[in-house]
Amino acid sequence: MSPSVSAPTGLGEFDLGHLAFWARPEAERQAAFAQLRGMDRPQFAPFINNMPRAPKNDGCYALVRHADVVAASRNSALFSSEPSANSIADMPPWLAPFFDSMINMDDPRHSRIRKVVARAFSPRLLAKLETDLRARAERIVDDVVAVGRGDLVTEVAQRLPIQVICDMMGIPEHQHAFVLERTNTIIGFSDPEYTGISREYLIRHGAPGRRHIIPVSARLLKAGLDLIRLVRRLGEERTRHPKDDLISALVNANADGDRLAPRDVGTFFILLVVAGNETTRNVLTHAIRLLTDHPDQRALLMADFDGRIGPAIEEIVRYVSPVIQFRRTVTGDCELSGQEFHRGDKVLLFYNSANRDEAVFPDPDRFDITRSPNPHVGFGGPGPHFCLGANLARREITVLLRELLTRLPEIHTVGEPERLLSFLINGIKRQPFETGH
């Protein structure tokens, strides 16, 4: 697509469509978004798209203010999740069978699938998970106590969410590592560790080059295919022999006759493991880092853990914004914050910027676990696509932080994290830690 006639044609130093921008230090990126929020209207951000037959002037309008992100999130009729919400470029047809989940759908398709899968996140079922969550958190911290130091991501943060999601689906424990590896490949589609392209090349050129598209896409395709085959086999088995797990509930009709088609089960599972694992593990990793860097907030939390952990998690999610942005496509002529939009225009909802909007959050760059009110959009904006798993994520974070911080009150991060190079996820791949023991 090309920008509307009245729009700027670029962002100068704020080149949001270039990986070099996302390789810059966090403070520099936040400063850039603060300047963008101060501009008179949403700006057009060109994006590098090296897919075959891609538009020459591909790009999106950057919605960076809290009010604009909320407005677009609520109005799914004008700001559509179709054809793609989780990729800046339109998804190629050959990838759609693996990644075209309900996150890329509008009603009525979206509401039909969401109604079926929402059963997995009911308060009753989450309550049933509580005992298992605590037992798993205890085992994770037992291992941490034994080693005293290591990598916070692999040894702590990623273990609980992947175990919980796989247990919910009924995936055997010996296949958890298989699922995690494929999930990392999918979420790391722009990171050198997972693309096989050097960091220097990606930063210099801003995106994988044309010669990289096929091998990078092949990695994505294989990871998605592996996960779908796994779930398909389990689904066929649960159709014949149902168990008390989520996949049985999805493939077998309930009292209303609702169930998912095999294709939808596979794409939902990919969405669940990517969103449920990646975001929760990053919030957990960032949480220990933030509490290390802000000992006053840590002391405040530990003085009344049960009373303050709820607001603390909301502030961590606001401050971190684990999902940087999602895309919407404009369905008809409209206006937002002084910018005219036309059918086919793309917009990016920058949650990381909305969560630092000075008009909503006083002193937004201050980490304050007592912040109230805290209307962050770290789990997505209000509307039909608000994160289904938000309450599960909150429970996982609460249980693991309680276990870590009460049994290991001196646990802290050491040195700088190794960050994921991504337009989409504020991810940490590795973060050293010590327990003080």
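Tyr61 stands opposite Val347 in strand β8, and this pair is a good place to enter the predicted model. Strand β2 (residues 59–63) and β8 pair in the parallel sense, over three bridges. Five of the five residues of β2 are buried, so the strand is largely enclosed by the rest of the structure. On another pairing, β2 meets β1 in the antiparallel sense over four bridges, and there Gln43 stands opposite Ala62 in β2.

**The five-stranded sheet**

These strands belong to an open sheet of five, in the order β1-β2-β8-β5-β3, with mixed pairing. Strands β1 (43–46) and β3 stand at the edges with a single partner strand each, so one side of each is left without a neighbour in the sheet. Strands of a sheet pair through backbone hydrogen bonds, either parallel or antiparallel.

Let us move along to β5, which covers residues 325–330. This strand is joined to β8 (residues 346–350) by five bridges, and the two run antiparallel. Within that pairing, Phe326 has Leu349 of β8 as its bridge partner. Strand β5 is also joined to β3 (residues 79–80), by two bridges and again in the antiparallel sense. Here Phe79 stands opposite Val330 in β5.

The pairings of this sheet can be put next to each other, each with one pair of facing residues:

| Strands | Sense | Bridges | Facing residues |
|---|---|---|---|
| β1 and β2 | antiparallel | four bridges | Gln43 and Ala62 |
| β2 and β8 | parallel | three bridges | Tyr61 and Val347 |
| β5 and β8 | antiparallel | five bridges | Phe326 and Leu349 |
| β3 and β5 | antiparallel | two bridges | Phe79 and Val330 |

How many of the residues of strand β5 are buried? Six of its six residues are, and the strand is mostly covered. In a regular strand the side chains alternate between the two faces of the sheet. In β5, Gln325, Arg327 and Thr329 point one way, while Phe326, Arg328 and Val330 point the other way. All of these residues are buried, the two arginines Arg327 and Arg328 included.

**The three-stranded sheet**

A second group of strands is worth a look. Three strands form an open sheet in the order β4-β12-β9, and their pairing is antiparallel. Strands β4 (149–151) and β9 (412–413) are at the edges, each with a single partner strand, so one side of each has no neighbour in the sheet. Strand β9 is joined to β12 (residues 432–434) by two bridges. Across this pairing, Thr413 has Phe433 of β12 as its bridge partner.

**Two buried valines in helices**

Now for the helices, with two residues as examples. Val273 is found in helix α14, which covers residues 262–293. Is this valine buried or exposed? With a relative accessibility of 0%, Val273 counts as buried. Leaving aside residues up to four places away in sequence, Val273 touches Ile165, Val179, Thr183, Leu227 and Glu278. From Val273 to Ala249 there are 24 residues in sequence and 17 Å in space, C-alpha to C-alpha.

Val164 is found in helix α8 (residues 159–169). Its relative accessible area is 1%, and Val164 is buried. Again leaving aside residues up to four places away in sequence, Val164 touches Leu129, Leu133, Leu392 and Glu396. Ala135 is 29 residues from Val164 along the chain, and the C-alpha atoms of the two are separated by 11 Å.

**The protein as a whole**

Stepping back, the protein has 18 helices and 12 strands. Its radius of gyration is 21 Å, close to the 22 Å that the globule rule gives for 437 residues, so the protein is as compact as a globular protein of that length. The C-alpha trace spans about 60 × 55 × 40 Å along its principal axes.

Of the 437 residues, 57% count as buried. Among the contacts with a separation of 6 or more, 72% are between residues 24 or more positions apart. The accessible surface comes to about 18,200 Å², and carbon and sulfur atoms account for 54% of it. As for charge, the protein has 54 positive and 55 negative charges, and the mean positions of the two sets are 5 Å apart.

Key. Residues numbered from 1 in each chain as written. Predicted model: local features only at pLDDT ≥ 70, side-chain atom pairs only at ≥ 80, totals over all residues. Heavy atoms only, no water. Rg over C-alpha atoms; globule rule 2.2 N^0.38 Å. Buried < 20%, exposed > 50% of the residue type's maximum accessible area, 1.4 Å probe, protein only. Contact = heavy atoms within 4.5 Å. Areas by Shrake-Rupley, 256 points an atom, 1.4 Å probe, with all protein chains shown as cover. Lys, Arg positive; Asp, Glu negative; His and termini not counted. Charge placed at Lys NZ, Arg CZ, Asp CG, Glu CD. Pairing = 2+ DSSP bridges.
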